[in-house]
Amino acid sequence: MYDQIKEALEANLEEIRESGLWKSERTIASPQAARIRLAENGQEVINMCANNYLGLSDNLEISAAAAVTMEKWGYGLSSVRFICGKQEIHEELEVAVSQFLGTEDSILFAACFDANGAVFEPLLSADDAIVSDSLNHASIIDGIRLCKAKRYRYANNDLGALEDQLKQARADVGGTGRIMIATDGVFSMDGTIARLDGICDLAEKYEALVMVDDCHATGFMGKSGRGTHEHHDCMGRVDILTGTFGKALGGASGGYVSGRKEIVDLLRQRARPYLFSNSLAPAICGGSIKVLEMISESTERRDRLWSNTAYYRRRLEEEGFVIPGKEEPHPIVPIMLGDAKIAQQASVKLLENGVYAIGFFYPVVAKGAARIRTQVSAGHSEDDLEEAVQAFVKVRADVGW
Ligand SMILES: *Cc1c(COP(=O)(O)O)cnc(C)c1O
C-alpha cells in the first residue's frame, strides 16, 4: 500500500523543491543570542532573525531559575490539568502573567499556537461572528476554523474595512449574537502595529469583544513593556490577550490566554488544547516567572531594545534602504527588495558576510514585496547593528537592487 503513496509524496516533495519553496533548516552550534555559531562551518554570525527581542534567550539568571524550579518540582507533570491537577508553580505563573498584563486571570497552554486554537470554539457558536484581520497569524486562522461562528475578514489594519464587516456581522447575528474581533497586536511580516485604540472604539460601537494576539509585543511594547494594549492606551478595553513565552519572554516555549475572569474560567472547562494536552513543564514556569520579575523591576532591556531599534532604522535609512514603519517603528525591520530571487540571493550573500537573516517572498508575503526581515534585539550592541548595516550595503552592491 505505502509504495503508491510513497511515489506521490516524492513527487510532492519534488514539486516543493522545484517551485523554490523548500525550507531548509540551519543547525546552530551555540545558544540563541545576538551572535551565534553555525554548526556547518563553525562560522560566527550576527543573528538578525530571532524573536529574541529582550536578549533573554541565553540569560543565565533565567536558566538558573529554571534549573532550581526543576530540582524542586521535578522534570514534568505527566498529566493534563483536569486529571492530576497543577503545581503551585503553574498557579504562580498564571498570577504573574495577569499582573504583568493588567488582566483578571490567565490560563497556560503548551504554546500560543494552542492558545489561539483554544480560544474561539468555547466562546462562539454558529449564531455568533468572528471578524478577523486579513494578515492574522496562521494559528488564529486555524483556531477560527475550529469554531462554527460566521467568519468575516477585513483588510489589514483598515478601520474603515473593519467597520464595514462589523456592520454586516451585526446585521447577520442580530442583537443577541456575539461578535469577536480578532487581531495580531503586531503583524510579524512588516512590524505593523494594530490600531487597537480605533479597534476598541469600534468594538464598543458594535458591541463586540476584542481578542489580541500579542506574541510580537509582550515584554517591550508600551512604556513598561505590557504590550500593544499599553502602547495604544487600551489597558482594560481588550477582553482577551494571547501570547507566548517563546519570543521576548525568554524564548523557551509555552503560551497563554489572559483576560476577563469568566472567559478564562470557561476555557478551563472547555478549551480542548488545555483539557487534552500536557501541563507546561515546571522549569519553563520557573524561568518565565523569573523573566516577568526581571522586566517588571526594570525597563532597562526594553529601553535598550528601542534605542537599538532607533539606531538601526536610522542607519539603514541613511544608507538609502527602503524600510516600512517610519511612523510607528517596531524592532521588526523588513528591508524591501521586491524580487523573490534577489531576496534569496541576498540572504545567502548576507550570511557569507556574517549576517544571519532570512528572505521572505510569495506566498508568505505579496508578489513583488519580497524582503529580508530583520529583527533587533536588546542583546545586540551598536557594533553588531553597524556591522549588519555594512553587510547590507555590501550585499546590495553585489546583488544589485
Ligand atoms: C509565534 C506566534 C504564535 C505562536 O506562538 P508559539 O508559542 O510559538 O506557538 C502565535 N501568534 C503569533 C502572532 C506569533 O507570532
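**Entry 1. Helices H4 and H12**

I began with the handedness of one helix pair: H4 and H12 cross in the left-handed sense. The model I was reading is a predicted one. I then looked up the geometry of this pair, H4 being residues 88–101 and H12 residues 282–297. Their axes approach within 9 Å, and the crossing angle is roughly 30°. Since angles under 35 degrees count as roughly parallel, I entered H4 as roughly parallel to H12.

I listed the residues that make the contact. From H4 they are Ile-89, His-90, Glu-92, Leu-93, Ala-96, Val-97 and Phe-100. From H12 they are Pro-282, Cys-285, Gly-286, Ser-288, Ile-289, Leu-292, Ile-295 and Ser-296.

**Entry 2. Ile-89 in H4**

I followed one residue of this contact, Ile-89, which lies in helix H4. Is Ile-89 buried or exposed? Its relative accessibility is 6%, and the cut-off for buried is under 20%, so I recorded Ile-89 as buried. Leaving out residues up to four places away in sequence, I found Ile-89 touching Thr-69, Trp-73, Pro-282, Cys-285, Gly-286 and Ile-289. I also checked one distance: Ile-89 and Ala-50 are 39 residues apart along the chain, and their C-alpha atoms are separated by 28 Å.

**Entry 3. Glu-61 in H2**

I turned next to Glu-61, which belongs to helix H2, residues 60–73. Glu-61 has a relative accessible area of 45% and is entered as partly exposed. Beyond residues up to four places away in sequence, Glu-61 touches Lys-290 and Met-294. For Glu-61 and Ser-132, 71 residues apart along the chain, I noted a C-alpha separation of 39 Å.

**Entry 4. Domains and cores**

I looked up the domain assignment of the protein chain. Domain 1 is given as 19–48 + 299–399, and domain 2 as 60–297. The C-alpha centres of the two domains are 28 Å apart. How many residues does each domain give to the contact? I recorded 17 residues from domain 1 and 18 residues from domain 2.

I then examined the nonpolar cores. The largest has 85 residues, and the members touching the most others are Leu-93, Leu-162, Leu-166, Ile-199 and Tyr-312. Where does this core lie with respect to domain 1 and domain 2? Both domains give residues to this core, so I placed it between them.

Another core, of 26 residues, lies apart from the largest one; Phe-109, Met-211, Ile-240 and Leu-275 are among its members.

I took Leu-162 from the largest core for a closer reading. Setting aside its neighbours within four places in sequence, Leu-162 is in contact with Val-131, Tyr-154, Ile-181, Ile-199 and Leu-202.

**Entry 5. Pro-273 in H11**

Pro-273 is in helix H11, residues 272–275. With neighbours within four places in sequence left aside, I found Pro-273 in contact with Phe-109, Asp-114, Gly-117 and Ala-118. Pro-273 and Pro-334 are 61 residues apart in sequence, and I noted 33 Å between them in space, C-alpha to C-alpha.

**Entry 6. Helices H13 and H15, and Asn-308**

I looked up a helix pair in domain 1. The axes of H13 and H15 come within 10 Å and cross at roughly 25°. H13 and H15 are therefore roughly parallel to each other, and their crossing is right-handed. On the H13 side I listed Asn-308, Tyr-311, Tyr-312, Arg-315 and Leu-316. These meet Glu-382, Leu-385, Glu-386, Ala-388, Val-389, Gln-390 and Phe-392 in H15.

Asn-308 is found in helix H13, residues 300–318. At 5% relative accessibility, Asn-308 counts as buried. Not counting residues up to four places away in sequence, Asn-308 touches Val-376, Ser-377, Ala-378, His-380 and Leu-385.

**Entry 7. Helices H14 and H15**

Finally I read the pairing of H14, residues 340–352, with H15, residues 382–399. Their axes are 10 Å apart, and the packing angle is about 130°. Which class does this angle give for H14 and H15? I entered H14 as oblique to H15, with a right-handed crossing. H14 contributes Ile-342, Gln-345, Ala-346, Lys-349 and Leu-350 to the contact. H15 contributes Ala-391, Phe-392, Val-395, Asp-398 and Val-399.

Note on methods
Residues numbered from 1 in each chain as written. Predicted model: local features only at pLDDT ≥ 70, side-chain atom pairs only at ≥ 80, totals over all residues. Heavy atoms only, no water. Core = buried A, V, L, I, M, F, W, Y, C linked by side-chain atoms within 4.5 Å. Buried < 20%, exposed > 50% of the residue type's maximum accessible area, 1.4 Å probe, protein only. Domains from an automatic or database assignment. Contact = heavy atoms within 4.5 Å. Axes fitted to C-alpha atoms, helices over the stretch in contact; angles between N-to-C directions. Helix = DSSP H or I, 4+ residues; strand = E, 2+ residues; numbered from the N terminus. Parallel < 35°, antiparallel > 145°, perpendicular 65-115°, else oblique. Left-handed = near helix turned anticlockwise from the far one by under 90°.
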